[in-house]
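Trainee: I have this model open and would like to go through the reasoning behind its labels with you. Could we take it step by step?

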Amino acid sequence: MIQVSVIIINYNTFRLTSEAIASVQQHTRGVLYEIIVVDNASTECDPGRFVEAFPAVRLVRNPENSGFAKGNNLGIAHATGETVLLLNSDAALRNDALTLTYGALMADPKLGIATGQLRYPDGRLQYQCGRFPSLRLQLVELLRLQKAMSAQKRGEVLLGTFFGHETSFRPDWVWGTYFHIKRHVVSELPGGKLPDDFFMYAEDLQWCYAVRKLGYEIEYVPGGHILHHFAQSTKQEKKLNQLNMILRNEDSFLRREYGSWSTASYYLAKMLNLLISGRGNSANRYLARQYRRLLLRQELLTATNSPV
């Protein structure tokens with residue numbers, strides 16, 4: 001029986017996707033797995049090259065680029081594994097992370113999702129464990145109440161950059177870069193699939209929220225090591241456009257799940273927090289302006305009129 005179905009979405013990233021596939025084959029020893037590559041109508045090269053280079057890989061050709069979330073659901077529909085690992089094409093395993101996260105999932109029936117430790121190619125840590133957007137936590141930071149906490153307590157309460165990511169923990173949500181989920185949990189979600197109304201960005205926040213609503217928990221497993229390129233060379237204009245897409249998707253998620261008043265209160269606190277903590281920081285000031293525009297239901301600033 002296949003224990004893990006590894007799903008990788010490819011869109012014009014043949015080299016990176018090939019590295020991701022090779023890393024799974026090189027490092028995975030403790031579980032039975034299959035690899036499914038979903039090609040989202042790439043034009044870079046014939047996706048059949050994946051099967052030529054890796055005969056064991058199953059290739060699913062999507063006739064259109066339907067986005068990251070829909071592409072993963074297409075892969076899940078072809079998966080036969082007891083669990084499903086959604087692995088970014090720009091990520092690569094550095095040890096047998098599959099076995100570690102699979103073991104965590106199987107050890108606790110309350111656990112629905114597991115992930116590992118992400119690092120940049122230069123070794124820097126990526127702070128992927130987060131709390132759901134919260135007015136209460138924004139007020140904690142705004143009033144600097146975290147300064148009265150120990151470093152450990154501060155990290156456990158706020159997560160994100162406050163959390164060292166060196167110990168196991170159960171956060172509210174994690175990135176979709178390495179997203180290991182039980183197959184039966186996916187089947188319990190509305191429509192028997194992951195929410196896929198976002199083309200890309202912020203879908204991991206939505207996925208974790210939906211899984212937590214079912215009563216399942218998420219575990220961060222620091223022993224699983226994953227390299228994540230994370231578009232370090234992306235041009236500034238593209239980064240701002242990506243940020244705007246994330247903000248729009250988060251806004252849609254918050255207004256649907258939290259309601260307008262709670263969302264507005266969160267934006268106000270977030271904006272003030274960024275302004276106070278971001279004195280002299282143009283990126284924080286820019287982000288504060290974006291939250292102000294979301295608060296007022298205005299169009300977001302675009303890369304062409306951004307001072308960043």
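Trainee: Let's start with a simple one: where does Tyr201 lie?

Mentor: Tyr201 sits in the loop between α7 (183-188) and α8 (203-213). Keep in mind as we go that this is a predicted model.

Trainee: What is the phi of Tyr201?

Mentor: Its phi is positive, about 80 degrees, although Tyr201 is not a glycine. Most residues other than glycine have a negative phi.

Trainee: Which loop holds Ala41, and what is the phi there?

Mentor: Ala41 belongs to the loop between β2 (33-40) and α2 (48-53). Its phi is near 55 degrees, again a positive value in a residue other than glycine.

Trainee: Why is Ala41 called partly exposed?

Mentor: Its relative accessible area is 25%. Buried needs under 20% and exposed needs over 50%, so with 25% Ala41 falls in between and counts as partly exposed.

Trainee: Then what makes Asp108 count as buried?

Mentor: Asp108 has 18% relative accessibility, which is under the 20% cut-off, so it counts as buried. This residue lies in the loop between α4 (97-107) and β6 (111-119). Leaving aside neighbours within four places in sequence, Asp108 is in contact with Arg170 and Lys182.

Trainee: Let's turn to the helices. Why is α5 called roughly parallel to α10?

Mentor: Helix α5 (residues 135-142) and helix α10 (residues 260-277) pack at an angle of about 25 degrees. Angles under 35 degrees count as roughly parallel, so this pair earns the label. Their axes are 9 Å apart, and the crossing is left-handed.

Trainee: Which residues meet where α5 and α10 pack?

Mentor: From α5 come Leu135, Gln138, Glu141 and Leu142. They meet Ser265, Tyr266, Ala269, Lys270, Leu272, Asn273 and Ile276 in α10. The residues of this contact divide into 6 nonpolar, 3 polar and 2 charged.

Trainee: Leu137 is found in α5 too. How do you know that Leu137 is buried?

Mentor: Its relative accessibility is 8%, and the limit is under 20%, so Leu137 counts as buried. Setting aside neighbours within four places in sequence, Leu137 is in contact with Arg131, Val157 and Leu158.

Trainee: Which residues of α6 are buried?

Mentor: In helix α6 (residues 151-158) the buried residues are Gly155, Val157 and Leu158. What covers them includes α5, which fits with Leu137 being in contact with Val157 and Leu158. Just after α6 comes Leu159, whose phi is positive, near 55 degrees.

Trainee: How far apart are the C-alpha atoms of Leu137 and Gly75?

Mentor: They are separated by 36 Å, with the two residues 62 residues apart along the chain.

Trainee: Last topic, the cysteines. How do you know that Cys208 has no bond to Cys129?

Mentor: The sulfur of Cys208 is 9.8 Å from the closest cysteine sulfur, in Cys129. A disulfide needs the two sulfurs within 2.5 Å, so 9.8 Å is too far for a bond. The count comes to 0 disulfides.

Trainee: And are these two cysteines buried or exposed?

Mentor: Cys129 has a relative accessible area of 1%, and Cys208 has 0% relative accessibility. Buried means under 20%, so Cys129 is buried, and Cys208 counts as buried as well.

How values were computed:
Residues are numbered from 1 along each chain as its sequence is written. This is a predicted model: local features need pLDDT of at least 70, side-chain atom pairs count only at pLDDT 80 or more; totals for chains, interfaces and linings use all residues. Side-chain values use heavy atoms; hydrogens and water are left out. Axes are lines fitted to C-alpha atoms, for helices over the stretch in contact, and angles run from 0 to 180 degrees between N-to-C directions. Helices (H or I, at least four residues) and strands (E, at least two) are DSSP runs, numbered from the N terminus. Angles under 35 degrees count as roughly parallel, over 145 as roughly antiparallel, 65 to 115 as roughly perpendicular and the rest as oblique. A crossing is left-handed if the near helix is turned anticlockwise from the far one by less than a right angle, and right-handed if clockwise. Contact means heavy atoms within 4.5 Å. Ala, Val, Leu, Ile, Met, Phe, Trp, Tyr, Cys and Pro count as nonpolar, Asp, Glu, Lys and Arg as charged, and the others, Gly among them, as polar. Buried means under 20% relative accessible area, exposed over 50%, partly exposed in between (1.4 Å probe, protein chains only).
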